[in-house]
Each structure stands twice: as structure tokens, then as C-alpha cells.
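Biologist: I should be grateful for a close look at a single part of this protein. Please explain it in terms suited to a first-year student.

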Amino acid sequence: MATQTGTRQGSRRDFTLLWTGQAVSELGSRGYGIAIMLWVLAVTGSPAIVGMTATVTMASFALFNVPAGWIVDHLDRKRTMVGADLVGAGAATTLAAAVSAGAFVLAHILTVGAVLGAAWCVRGLAEEAALPHVVGDGELTRAVSLVEGRGYAAGLAGPPLATALYAIAPVLPFAAHAVSFVTAASTASAVKSPLRTTRLGDSHADASLGDGFRFVWRDPFLRPAALIGALSVLVTNGAGLVLIVMLTNTGAAVVAVGFALAVAYGAGIGGSLIVPRLQRHHSAHVLLSVSLLAGAIALSMMVMGNPVAATVGYSLLLAAQPLWQVTVSATMLDITPDELRGRAGGALGLVATVPAVFAPLCAGILTVSLGVATTVALLTVALLTGFLFTLRARGLRAAPSYLLGRDRSSFSTRP
């Protein structure tokens, strides 16, 4: 009993190390996203170049999910996290040096953005795959919810912190970004728990990049969850742009727009923290269905066009989003063999991030061509369609009994 207690306490210590270090890193990364736009716009005066830098970073993050999953499954996970953080720190340092010297080279900026996107992707998947090894029995959903809430908190605090540092000296948010990577690397290196159940040499010799996609596609729960999750991400990210356009059209000041987004991120934090309590009383199918229905109801509030109603609606949408994300992520980690967690997470990540990349563009085109109200109505219908599909999806409806009877050794990477 003493050994088990000591192990559980050690695991909690390791989870705290991973969570805290990555919290600092995400805070720096969110700040970087604002600082790089401010600096590039100040130097070039071109919104197109600003958009190009953001697109390259987002595309790198999305497309690197597949190779990142393979790396996480085939290399030591602690060293992978430390290595990804150090690569990110190096890239951020070169950017800080360029800002300090006033040396703008577009190729350098785009390269740094691509490297940062890849580093974020590898680090995130490695931490996700490591979670089951650093939490006690029955604590996985709580751990995933804390990770989800951490992202919303970083989105809430990172931008104002970065703008404050940028106002003092443009180099400061970029230097802080580099330091945040080093902090995450330091905490990850202090983790003592083994972060995999199998030895590296025991992996199948013919294990491939596509194994994660095959596992997700064959799984009766993950396949529909991934497809509806992509729809949910597309709608949520598109709704964010619609909210900004709506507030701007009503004459709201930039400060008011920032306040509305802050309220929404705060609601996302609250939604993340309440998921573990809900999971103890409701099945995964109920949580997934409620997430989509609540999101559709929240979106319908934005159709009114009132700035307050739109802000409340978008906030409720973000509060409902973790019900889906935490439930699917925790379930994926629970039912996926350890040697496949990186690639399965990468497959789900790619399915989710590609819609996130194109969501603002799609929402922008719809808003210009059809108007704000019609765009919101279409997004609402999309979520309602997902809700109806979720009600009928056999794999999602059978989730509780299916997960209890799961034989994790039944999946084979061989044809």
C-alpha cells in the first residue's frame, strides 16, 4: 500500500510539473501570436504579410500532426518534450534577436513560424500521450479537463500580457516566449515517471504513420467522434470571426471586442473545469449530445444581432465546447494502446486543426456574401445536424458498455 501511495503521489508531482511548465509555455505562445502580428504590421504595413505568417504557422501545426504522432510513439517521450521545447526556444530566440536588431527578413519569419508550429504540435502530442502515466486511476478526465482549461486561460491572459510587454519594448514578448519554452523544458526534464508501458525496442518494426488513422477509422467511437468534432471546431472558430465582425459593425471599440473575447475564454475555462463532475453522472454519449445542442442554442442567440446577446451566446458556445473535447480526448487516451497514442492523437489532431485553419476564411466569405445573420444561422444548422447525427451514431450511443468491454490488444497494425 505504501508503494502504491508513493507512486500515486509521484505521478501527481509529475503531472504538476508537466502542467505548470506547459502553462508557462502556452502563455508565451499566445502572447507571441499577438506580438508577431503587431511587429510584422508595424514593419511592413501589410495585413497580407501578417496573414501569411499566421497561416504558415497554423498550417505547420496542422500538417505536422502525422509525423509528430510517429515521433511520440517511437522516441522517448520525456526527451521528445524537452527536445521540442528546446527547438522552440532556439527559434524564438532568433526571432527575438531579429526584432531587437530591427532586421526583418520574410523568409526567416516564415521559417520560424513553421518551426514553432511543428514544435507546439510535437510537445502537445507527447504530453497528451504521457498523461495516463502521470495521473492516478480515475483521474484521466480531470487531468484532460485541466489541460483544456489551461489553454483557455492562456488565451485569456497571453494577449494582454504580450501587448503590455510590447508597449515597453517590442523585443520583450519574443524574449519571454523563448524563456517560456526553456521553463517547459526544465519542468519536463524533472519528470521521473516512465511515460510508456512498452520499451522502445518492443515497437512493431513495420509500424507506420498511417496506423493512427487506421485505428481511429476502425474504432466505432472515435470515427464518428472525429468527424463531428471537426464540424464542431469549424463552427466554433468561424463563430469567433463572426462575433468580431458583428461587434465591429455595431461600432464597438477595440477594447470592447477584447473584453467580449476575454469573457468567452473565461466561460471556456469554466466549461473545462465542470466536465469531470458531469462525467461522474452522465455517459459520454449524453455529454457529446449536450455539447452540440447547447452550442446550437448558444449560437442562436447571436442571430439577434445584439452585441450583449452575441457575446453571451459565443461565451456559452465556448463553455459547451470542452464537453466534447475533454470527453473525446480522455476516451481516446483510455481506449488506445500506449504504443499508438501519439499517432491516434495526431490523426484526431489533424482532423480537428485543418477545419480550424480554414474556418475564419469560410466564415469571412459567408459573412461578406450572405450577411452576419444568415452566416450564424448556417453555423447553427450545422451544429444541429451534428447533434442529430450524434443521437443516432451507434458507436457513440454504445460508448459506456463498449468502453467497459474494450480489449486493447485487439488492434493490430498489420493488415
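Modeller: The account below begins with the whole chain and then turns to one helix and one residue. The model is a predicted one. The protein has 16 helices and 0 strands, and 49% of its 415 residues count as buried. Of the contacts between residues at least 6 apart in sequence, 88% join residues at least 24 apart. The accessible surface comes to about 18000 Å², and carbon and sulfur atoms account for 69% of that area.

The helix to consider is α4, which covers residues 77–101. Its length can be checked by simple reasoning: the expected span is 1.5 Å times one less than the number of residues, so the 25 residues of α4 should span 36 Å. The C-alpha atoms at the two ends of α4 are indeed 36 Å apart, in agreement with that expectation. At the N-terminal end of α4, D76 acts as a cap, with a side-chain oxygen 3.2 Å from the backbone nitrogen of K78. Just after α4 comes G102, whose phi is positive, at about 70 degrees.

The residue to consider is L366, which belongs to helix α13, residues 341–370. L366 has a relative accessibility of 28%; because this value falls between the 20% limit for buried and the 50% limit for exposed, L366 counts as partly exposed. Leaving aside residues up to four places away in sequence, L366 touches G371, T375 and L378. As for V376, it is 10 residues from L366 in sequence, and their C-alpha atoms are 9.4 Å apart in space.

How values were computed. Residues numbered from 1 in each chain as written. Predicted model: local features only at pLDDT ≥ 70, side-chain atom pairs only at ≥ 80, totals over all residues. Heavy atoms only, no water. Helix = DSSP H or I, 4+ residues; strand = E, 2+ residues; numbered from the N terminus. Buried < 20%, exposed > 50% of the residue type's maximum accessible area, 1.4 Å probe, protein only. Contact = heavy atoms within 4.5 Å. Areas by Shrake-Rupley, 256 points an atom, 1.4 Å probe, with all protein chains shown as cover. Polar contact = N/O pair within 3.5 Å; in protein donor to acceptor, adjacent residues only side chain to side chain.
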